[in-house]
Amino acid sequence: MRATTADREQSATYTYLICLAAWAIPGAGHLLLGRLQKGLTFLVALVLMFLMGLWLEGRLFPIEVRQPLVALAALAEMGGGVAFFVARQAGAGGGRVVALTYEYGNAFLIVAGLMNMLVVLDAFDIAQGRK
Amino acid sequence: MRASHLGLMIVFALFVSVVFGTLMRDEPKEQLRFGGQLFTAFVVGGIALGWILYFFPL
């Protein structure tokens, strides 16, 4: 009985670690679970999309409670993982509002983050043995 | 490099189709098929919507 409980706890910890890795680096969860093709595809596509958002002069939004839409955009972009924090720390993602591509850049950054959240959920399902 | 609205929409559609195709299907052949269908729907839908809005200027 004890062994079963320990196994379950170990399995839950493993699942959460997979999810953390999947969030931090797009595709890392799938790579750790042995889904190489999916993991590499997510890694390349989502990182490229994020970088392209920065290149298009999109903004890495701060969390501003007074502006709910800005806060939601920030949460969506944070779905992209460590890249969000690294880019902000490096001073990227200032966002030039008058740039022709500003809104496109925001769309790329936000959608890359949201899609990585879906990828994390997929990794969770795989780790749980549902897929 | 000059970025055009159509070009950026196509690149956006490509990224989204690649990720969703990979996410929703397991076999590479099915991923390619589903991703291709999504990409076509995005691009054709975007152009169609653009033309519809052309007749209803803001």
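## Two helices crossing

A helix axis here is a line fitted to C-alpha atoms over the stretch in contact, and angles between axes run from 0 to 180 degrees between N-to-C directions. With that in hand, let's look at chain A, keeping in mind that this is a predicted model. The axes of helix α4(A), residues 68-78, and helix α6(A) approach within 6 Å, crossing at roughly 60 degrees. Angles of 65 to 115 degrees would count as roughly perpendicular and those under 35 degrees as roughly parallel, so α4(A) ends up oblique to α6(A). The crossing of α4(A) past α6(A) is left-handed.

Who actually touches whom? On the α4(A) side you'll find A:A73, A:A76, A:E77 and A:M78, and they meet A:L109, A:I110, A:G113 and A:L114 of α6(A). Sorted by character, the residues of this contact are six nonpolar, one polar and one charged.

## Where chain A meets chain B

Next up is the contact between the chains: 17 residues come from chain A and ten residues from chain B. On the chain A side, α3 (36-55) and α6 (102-127) each put in at least two residues. Of the elements on that side, α6(A) gives the most, with eight residues. So the helix that crosses α4(A) also has a part in touching chain B.

As for chemistry, the side of chain A that touches chain B has twelve nonpolar residues, three polar and two charged.

## Chain B, the spread-out partner

Chain B keeps its secondary structure simple, with two helices and zero strands. Its radius of gyration is 14 Å, while the globule rule gives 10 Å for 58 residues; 14 Å is well over that, so chain B is more spread out than a compact globule.

If you box up the C-alpha atoms of chain B along the principal axes, you get roughly 45 × 30 × 15 Å. Just 17% of the 58 residues of chain B count as buried.

## An odd backbone angle in chain A

Back in chain A, have a look at the loop between α3 and α4, where A:E57 is found. Most residues other than glycine have a negative phi. A:E57 is not a glycine, yet its phi is positive, at about 65 degrees.

Is A:E57 buried or exposed? The cut-off for buried is 20 or more other C-beta atoms within 10 Å. A:E57 has 20 C-beta neighbours inside 10 Å, and therefore counts as buried.

Terms used
Residues are numbered from 1 along each chain as its sequence is written. Chains are lettered from A and ligands numbered from 1 in the order in which they are written. This is a predicted model: local features need pLDDT of at least 70, side-chain atom pairs count only at pLDDT 80 or more; totals for chains, interfaces and linings use all residues. Two residues are in contact if their C-beta atoms, placed from the backbone, lie within 7 Å. Helices (H or I, at least four residues) and strands (E, at least two) are DSSP runs, numbered from the N terminus. Ala, Val, Leu, Ile, Met, Phe, Trp, Tyr, Cys and Pro count as nonpolar, Asp, Glu, Lys and Arg as charged, and the others, Gly among them, as polar. Angles under 35 degrees count as roughly parallel, over 145 as roughly antiparallel, 65 to 115 as roughly perpendicular and the rest as oblique. A crossing is left-handed if the near helix is turned anticlockwise from the far one by less than a right angle, and right-handed if clockwise. The radius of gyration is taken over C-alpha atoms; the globule rule is 2.2 Å times the number of residues to the power 0.38. A residue is buried if 20 or more other C-beta atoms lie within 10 Å of its own, exposed if 12 or fewer, and partly exposed in between; C-beta atoms are placed from the backbone.
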